[in-house]
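Student: Hi, I have a model open and would like to talk it through. Can we start in the middle of the fold and work outwards?

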Amino acid sequence: MAAGVTCSFSSAVFFLLLLNCILFVSTNVDEVIDDGDENDRALGPSGYMKREYSAIKPFVGGTSMQFWEMKGDSLLTDDYIRLTPDQQSKSGAVWNTLPVMVRDWEVHVHFKVQGQNTRFFGDGFAFWYTKDRSELGPVFGAKDYHDGLSIFFDTYANQNGEHSHEHPYISAQINNGTTHYDHDKDGTHSALAGCTAHFRGVDAETHVAIRYLGSRKRLTVQHDMDDENKWAECFDRYGVELPTGYFLGFSSQTGDLSDNHDLISVKFYELASNDAEDDPAQYLNIQPKADGAEPERDHSEDDKVYTRKDRALNWFLGIVLVLIAIALLGFFYYQKMQRDNMKRFY
Ligand SMILES: *[C@@H]1O[C@H](CO)[C@@H](O)[C@H](O)[C@H]1NC(C)=O
């Protein structure tokens with residue numbers, strides 16, 4: 001009898017330990033995932049602003065800006081940088097003059113696109129992180145076959161067909177200098193990712209946040225179009241490789257259709273890198289490329305990867321063990337009651 005009790009007792013303890021162990025594993029998994037998602041929080045100025053890569057008021061001087069070069073029809077007022085005025089056939093750009101020696105960064109752009117005509121307008125503007133400070137050209141006011149990252153803020157839908165999407169549209173492209181941007185197709189065949197965002201002709205202040213984590217090969221674009229002071233996701237992609245040492249720029253072009261394309265502020269933040277000890281100069285020779293992977297998969301080698309399936313299985317095992325433990329405890333309790341009852345009767 002005594003042996004039986006000990007045995008039952010120790011198997012109960014064993015199951016509780018096992019249960020504990022499983023639950024512990026589950027929490028551990030969650031911790032790992034939380035770690036991995038640390039950067040998933042809404043973008044905010046989590047780093048510190050680098051003045052030399054930023055353009056903020058007051059734009060002293062009126063005709064020139066320290067660290068920035070104006071090109072074409074762009075002009076500077078007290079309150080904004082106008083890439084193009086609301087007139088036909090204008091091209092303008094503004095380029096930062098210093099190569100970006102930061103591996104993990106985030107740019108917040110406060111901009112305004114509006115014009116006289118409420119039905120016909122165009123064409124939009126582009127953000128660049130490229131090898132060269134482009135001369136004026138046909139792709140949103142910059143040269144084709146760029147080398148680096150471009151993000152297009154396209155207000156005019158050139159294409160009506162299979163790949164058409166609602167405009168205005170924000171899209172990103174990674175190019176190593178070999179891919180042609182096909183404006184007649186809105187670049188849809190070469191786009192990495194994108195989203196529709198109503199930034200044109202709205203009363204609200206319009207903002208976009210572009211974050212590139214070189215240490216995680218991750219490109220994220222978020223926007224705030226409703227004065228809500230919080231970011232909405234446009235897209236989030238892993239497998240994006242870009243070197244350090246490229247230049248930041250903005251450009252715009254009008255054709256038959258036009259708009260004012262204005263930058264109100266550009267704030268560049270250096271983010272704390274995973275590899276804080278790294279010298280940005282060692283990443284100067286990376287070839288721009290993107291495999292376009294969705295962020296479900298984490299490409300970073302030092303992070304453990306747990307899939308949804310793993311998590312589901314863990315939960316399933318956990319629940320099964322809880323049920324077994326409850327059943328066992330119930331059974332032992334029942335046995336004990338029976339013995340107590342027997343003691344009482346005999
Ligand atoms: C450039 O990109 C093209 C198309 O994506 C690719 O085929 C080519 O191998 C790339 N070249 C280099 C040097 O990475």
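Tutor: Happy to. Strand 7 (residues 124-130) and strand 14 run antiparallel to one another, paired through six bridges. Strands here are DSSP runs of E with at least two residues, helices are runs of H or I with at least four, and both are numbered from the N terminus. Two strands pair if DSSP finds at least two bridges between them. Bear in mind that this is a predicted model: local features need pLDDT of at least 70, side-chain atom pairs count only at pLDDT 80 or more, and totals for chains, interfaces and linings use all residues. Residues are numbered from 1 along each chain as its sequence is written.

Student: Which residue is the bridge partner of T130 in strand 14?

Tutor: That is F247.

Student: And what else pairs with strand 14?

Tutor: Strand 5 (residues 91-96) does, in the antiparallel sense over five bridges. In that pairing V94 sits opposite F250.

Student: How many residues of strand 14 are buried?

Tutor: Seven of its seven, over residues 247-253. Buried means 20 or more other C-beta atoms within 10 Å of the residue's own, exposed means 12 or fewer, and partly exposed is in between, with C-beta atoms placed from the backbone.

Student: Which residues of strand 14 point which way?

Tutor: F247, G249, S251 and Q253 point one way, while L248, F250 and S252 point the other, and all are buried. In a regular strand the side chains alternate between the two faces of the sheet.

Student: Back to strand 7. Is F125 buried or exposed?

Tutor: F125 lies in strand 7, and it counts as buried because 27 other C-beta atoms are within 10 Å.

Student: What does F125 touch?

Tutor: Leaving out residues up to four places away in sequence, F125 touches L83, F140, F153, F250, S251, S252 and H261. Contact means that the C-beta atoms, placed from the backbone, lie within 7 Å. From F125 to F140 the C-alpha distance is 5.6 Å, with their positions 15 residues apart in sequence.

Student: How many residues does the largest nonpolar core have?

Tutor: The largest one has 61 residues, and W105, A126, I151, A172, I210, F250 and L263 have the most contacts inside it. A nonpolar core is a set of buried Ala, Val, Leu, Ile, Met, Phe, Trp, Tyr and Cys residues joined through C-beta atoms within 7 Å. W105 touches V100, Y212, F268, Y269, E270 and L271, again not counting residues up to four places away in sequence.

Student: Zooming out, what does the secondary structure of the protein chain come to?

Tutor: Two helices and 16 strands. Of the chain's 346 residues, 35% count as buried. Among contacts between residues at least 6 apart in sequence, 73% join residues at least 24 apart.

Student: Okay, new topic: strand 12. What pairs with it?

Tutor: Strand 11 (residues 206-213) pairs with strand 12 in the antiparallel sense over seven bridges, and strand 13 (residues 232-241) is joined to it, also antiparallel, by six bridges. R218 stands opposite L213 on the strand 11 side, and its bridge partner in strand 13 is Y238. Strand 12 covers residues 218-224, and seven of its seven residues are buried.

Student: What phi does K217 take in the hairpin of strand 11 and strand 12?

Tutor: A positive phi near 50°, in a hairpin with four residues between the strands. K217 counts as buried because it has 20 other C-beta atoms within 10 Å. S89 also has a positive phi of about 50° although it is not a glycine. S89 lies in the loop between strand 4 (81-84) and strand 5, and it is exposed because only 11 other C-beta atoms are within 10 Å.

Student: Where are the cis peptide bonds, then?

Tutor: One runs from K57 to P58, with omega near -5°, and another joins H167 and P168, with omega about 0°. P58 is in the loop between strand 1 (48-49) and strand 2 (68-72), while P168 is in the loop between strand 8 (147-154) and strand 9. Most residues other than glycine have a negative phi, and most peptide bonds are trans.

Student: Last one: which residues surround the ligand?

Tutor: N176, T178, T179 and Q287 do, where near means a C-beta atom, placed from the backbone, within 6 Å of the molecule.

Conventions. Contact = placed C-beta atoms within 7 Å.
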